[in-house]
Amino acid sequence: MFSKFQNHILSNFPFLQQAKILVAVSGGLDSMVLLELLFHSKLDIAVAHCNFQLRDTESEGDENFVKSYCQENSIQGFFQRFDTKQFAEDKKLSIQLAARKLRYQWFYELLENENFDYVLTAHHLDDQLETFLINFSRGAGLDGLCGIPSLHDKIVRPLLIFSRAEIETFANENQLKWREDSSNASDKYLRNKIRHQVVPILKELNPSFLDSFEKTIQNLNQAQSLVDDASRIVYRKVVNDDNNQKIINLTELLQLANYQAYLYQWLSPFGFSAWQDIYDLVTAQSGKMIFSEQFRLVKDREILILEPKNVENSEEYLINEKDLQLNFPLKLRFCELSDLSISDAKTIFVDSKLVKFPLLLRKWKEGDYFYPFGMNGKKKVSKFFKDEKFSLPKKETTWLLCSENKIIWIVGERMDDRFKITEHTQTILKIELL
């Protein structure tokens, strides 16, 4: 196994030869074999051990065992304890997902703070099979069936070509020591049920099942590569990246017979899971939206808008008479003039005597109205938004500049007629959106 491992590193991960490597070590069979292989390959390694404090004295024993190995072999070690149960409760996560989030968050912190290049984990071929079956049982798409990637960002998994049996044989032949996790014997978790009850039957039906499965994974990854290529080509035609928004043209999208597959490819990285709701959103009325943990997808006429969730913004900003410029949340500049120059959407000129300081910059509220410049009578701001075909995100990011309770300017859009310059105006206030 050692020579196979070294050839695997040279052929598929040659960059590890010169890298500073952090090895995730629990103290169990798989991670101790990985650590032993790396140590004898004379790579530049350090150890990271997570104590999730879920198994009382067992967790303490695992930590002390890994510390002893590091000390005996002069390997730098990083050890972190987590209050996993409290974190899971606070974030409303399962214990397994909470532990995963804590683990990888800490790994990336170590990468950045300690200048490591990669994190290596001990996932192997049996783990790959179990993940495939879990995702298959949940109705995953092609990307979910491709299993655990051997290289993703800064995470490397060099044992994916080895079975659990190979790893155990190597450990016994080399008289390695490791810690047994008692929770692995329990069928409380889905992964353990699959490991203990499903996989043995598959291996009994086909003694070469793992070899066949490895070929299947390779085929699925090749198919995924074709899908990714097609997705990128269609993306350029259908989706427009506009600052922090992605705008999906529904007219173009609906010309595709398999448009739902493209939506899945484009939106799954943003944490969406209610796929039927998303597919229904394509033909829903404007204003409907779907949320993931950090993003939202909004239907607006003939487009879908993908953007980060907006934090509710009820803040208001006062502008005093001595303030010649406001820098946040917008950049506004104020100056008095004696002559009138050309106005545009980014600049307005108002009668300074009609403006009462301090001015107020705020978001619009239901019931707001103003007197649009050049028109007779008042108009609700909501009606103005509708007539100008504002999308929901644009409504939410539009600011109003107000004097007392009157709107001076829907900033960058339309000023109020009540503040316009007349033949009686003596001083002009120029307000410019920078």
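**Exercise 1. The cavity**

Task: In this predicted model, determine how many cavities of 30 Å³ or more a search of the whole structure finds, and describe the lining of the largest cavity.

Solution.
Step 1. The search of the whole structure returns one cavity of 30 Å³ or more. The volume of the largest cavity is about 30 Å³.
Step 2. Its lining consists of Tyr 235, Val 239, Lys 246, Ile 248, Trp 266, Leu 267 and Leu 306.
Step 3. Assign the lining to elements: β8 (245-249) and α12 (259-267) each contribute at least two residues.
Step 4. Sort the lining by residue class. Six residues are nonpolar, none is polar and one is charged. Lys counts as charged, and Lys 246 is in the lining.

**Exercise 2. Overall form**

Task: Decide whether the protein is as compact as a globule or more spread out, and give the spans of the C-alpha trace.

Solution.
Step 1. Count the elements: the secondary structure comprises 15 helices and 22 strands.
Step 2. Compare the radius of gyration with the globule rule. The rule gives 22 Å for 434 residues, and the radius of gyration of the protein is 30 Å, well over that value, so the protein is more spread out than a compact globule.
Step 3. Look at the principal axes, along which the C-alpha trace spans about 100 × 50 × 40 Å.
Step 4. Turn to burial and contacts. Of the 434 residues, 42% are buried. Among contacts between residues at least 6 apart in sequence, 66% join residues at least 24 apart.

**Exercise 3. Val 298 and Ser 163**

Task: Place Val 298 in the secondary structure, state whether Val 298 is buried or exposed, and do likewise for Ser 163.

Solution.
Step 1. Val 298 belongs to strand β10 (residues 295-300).
Step 2. The relative accessibility of Val 298 is 0%, so Val 298 counts as buried.
Step 3. List the contacts of Val 298, leaving aside neighbours within four places in sequence: Lys 288, Met 289, Ile 303, Leu 304, Ile 305, Glu 307 and Leu 392.
Step 4. Take one C-alpha distance. Val 298 and Leu 281 are 17 residues apart in sequence, and their C-alpha atoms are 8.2 Å apart.
Step 5. Ser 163 sits in the loop between β6 (155-156) and α8. Because its relative accessible area is 10% and the cut-off for buried is under 20%, Ser 163 is buried.
Step 6. Not counting residues up to four places away in sequence, Ser 163 touches Leu 125, Asp 126 and Leu 210.

**Exercise 4. Asp 181**

Task: Find which residues Asp 181 touches, not counting residues up to four places away in sequence, and identify the side chain with which the Asp 181 side chain makes a polar contact.

Solution.
Step 1. Asp 181 is in the loop between α8 (164-173) and α9 (190-205).
Step 2. With a relative accessible area of 25%, Asp 181 is partly exposed. That value falls between the cut-offs of 20% and 50%.
Step 3. Beyond four places in sequence, Asp 181 touches Arg 55 and Glu 58.
Step 4. The polar contact is with the side chain of Arg 55, at 3.3 Å.
Step 5. For a C-alpha distance, take Tyr 262. Asp 181 and Tyr 262 are 81 residues apart in sequence and 42 Å apart in space.

**Exercise 5. Backbone geometry**

Task: Locate the cis peptide bonds that precede Pro 329 and Pro 358, and place Lys 42 and Ser 74, two residues with positive phi.

Solution.
Step 1. Recall the background: most residues other than glycine have a negative phi, and most peptide bonds are trans.
Step 2. The bond from Phe 328 to Pro 329 is cis, with omega near 5 degrees. Pro 329 is in the loop between β13 (325-326) and β14 (332-337).
Step 3. Phe 357 and Pro 358 are also joined by a cis peptide bond, with omega about 0 degrees. Pro 358 lies in the loop between β15 (347-351) and β16 (359-363).
Step 4. Lys 42 has a phi near 60 degrees. Lys 42 is in the loop between α2 (29-40) and β2 (44-51), and is exposed, with a relative accessible area of 74%.
Step 5. Ser 74 has a phi near 55 degrees. The loop between α3 (57-72) and β3 (77-81) holds Ser 74, which counts as exposed at 69% relative accessibility.

Technical notes: Residues numbered from 1 in each chain as written. Predicted model: local features only at pLDDT ≥ 70, side-chain atom pairs only at ≥ 80, totals over all residues. Heavy atoms only, no water. Helix = DSSP H or I, 4+ residues; strand = E, 2+ residues; numbered from the N terminus. Buried < 20%, exposed > 50% of the residue type's maximum accessible area, 1.4 Å probe, protein only. Contact = heavy atoms within 4.5 Å. Polar contact = N/O pair within 3.5 Å; in protein donor to acceptor, adjacent residues only side chain to side chain. 1 Å grid on protein atoms, 1.4 Å probe; cavity = no way out; pocket = protein on both sides within 12 Å on 5 of 7 lines; lining within 4 Å. Points joined across faces, edges and corners; volume = space filled by probe spheres on them. Rg over C-alpha atoms; globule rule 2.2 N^0.38 Å.
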